[in-house]
Amino acid sequence: MYTIISPRLGTPGDPYIPAEGVNIDALLNGGLISTDSVKKSSKVKSEPKEQ
Amino acid sequence: MAISSTYLSNPTISINAVDLTDQCTSAVINYVAEQLENTTFSNTSRSFTSGLFSNTVTVTLYQSYAAAETEASIYSLVGTTTTLVLKPASGATSATNPEYTLTGAYLSAHTPIAASLGELSTIDLEFSGGVLAKAVE
């Protein structure tokens, strides 16, 4: 999943769905789109059990 | 006899889906089918048939190092293939305003700095190969 940064690609903030033949790496390297960060689950480590 | 000519005032171009119309000053699509000779002893004139298509698009862009401008859009394309879309005018695609898409075009070279004192910097790019399609609707 990608998000538009540059208005040259569409509305900034909208999701970007690449068309066939588009070089995604070049868009990412150029800062024209970004990858949506995957949120980590908020797992809390349980304390080790006392033996 | 009527003569129909085209005056390009507001053509559009996108390179790798990035709209660079407002940085572009020149664009040329060369739609080429290589000619292979198939002349034989039975012919009195040379004869040819179609070989591979060898398309190119050459463009001239103003250089800009600002965020999301020319350099950011082009630099990472060198050595890769991409898609270009060009139209004679910005209106809806139609028979009189066809849209040309070159898919799988290879960019072999780029000149990140090509500047002369006192002049706006421009870059010339040639995208080679790929499949050219023409849409009229």
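A residue counts as buried if 20 or more other C-beta atoms lie within 10 Å of its own, and as exposed if there are 12 or fewer. Keep that in mind for the views below, which come from a predicted model.

**View 1. Strand S4(B) sits out in the open.** Of the five residues of S4(B), zero are buried, so the strand lies largely in the open. What does S4(B) pair with? Its partner here is S5(B), and the two run antiparallel, joined over four bridges. To find one matching spot, look for Ala33(B), which stands opposite Phe53(B) in S5(B). As a bit of background, strands of a sheet pair through backbone hydrogen bonds, either parallel or antiparallel.

**View 2. Arg46(B) is a loop residue of chain B.** Find the loop between strand S4 (33-37) and strand S5 (48-53) of chain B, and you will find Arg46(B) in it. Is Arg46(B) buried or exposed? There are just 9 other C-beta atoms within 10 Å, so Arg46(B) is exposed. Setting aside neighbours within four places in sequence, Arg46(B) is in contact with Glu37(B) and Thr39(B). Now zoom out to Ser121(B): it is 75 residues from Arg46(B) in sequence, and their C-alpha atoms are 46 Å apart in space.

**View 3. The largest nonpolar core draws on both chains.** This core has 30 residues, and those touching the most other members are Leu32(A), Ile13(B), Val57(B), Val59(B), Leu84(B), Leu125(B) and Phe127(B). Chain A's helix H1 (24-29) gives two or more residues to the core. On the chain B side, the elements that do so include helix H1 (70-74), strand S1 (12-15), strand S3 (24-30) and strand S9 (122-128). In soluble globular proteins, nonpolar side chains tend to be buried together.

**View 4. Phe127(B) and the residues around it.** Which residues does Phe127(B) touch, once those up to four places away in sequence are left out? They are Thr56(B), Val57(B), Leu84(B), Leu102(B), Ala105(B), Tyr106(B) and Leu107(B). Two of these names, Val57(B) and Leu84(B), also turn up among the core residues that touch the most other members.

**View 5. Where chains A and B meet.** The contact takes 15 residues from chain A and 16 residues from chain B. On chain A's side, seven of the residues are nonpolar, six are polar and two are charged.

**View 6. Chain A carries a three-stranded open sheet.** The strand order is S2-S1-S3, with antiparallel pairing. Strand S2 (15-16) and strand S3 (33-35) each have a single partner strand, so each edge strand has one side without a neighbour in the sheet. Strand S1 (residues 2-4) pairs with S2(A) over two bridges, and Thr3(A) has Pro15(A) as its bridge partner there. Read along the sequence, the chain goes β-β-α-β. Buried residues make up 22% of its 51 residues.

**View 7. Chain B, seen whole for context.** Stepping back, chain B has one helix and 10 strands, in the pattern β-β-β-β-β-β-α-β-β-β-β. Its radius of gyration is 18 Å, well over the 14 Å that the globule rule gives for 137 residues, so chain B is more spread out than a compact globule. Its C-alpha atoms fill a box of roughly 60 × 40 × 30 Å along the principal axes. Of the 137 residues, 26% count as buried. Among contacts with a separation of 6 or more, 64% join residues 24 or more positions apart.

Technical notes:
Residues numbered from 1 in each chain as written. Chains lettered and ligands numbered in written order. Predicted model: local features only at pLDDT ≥ 70, side-chain atom pairs only at ≥ 80, totals over all residues. Core = buried A, V, L, I, M, F, W, Y, C linked by C-beta atoms within 7 Å. Contact = placed C-beta atoms within 7 Å. Pairing = 2+ DSSP bridges. Rg over C-alpha atoms; globule rule 2.2 N^0.38 Å. Nonpolar A, V, L, I, M, F, W, Y, C, P; charged D, E, K, R; others polar.
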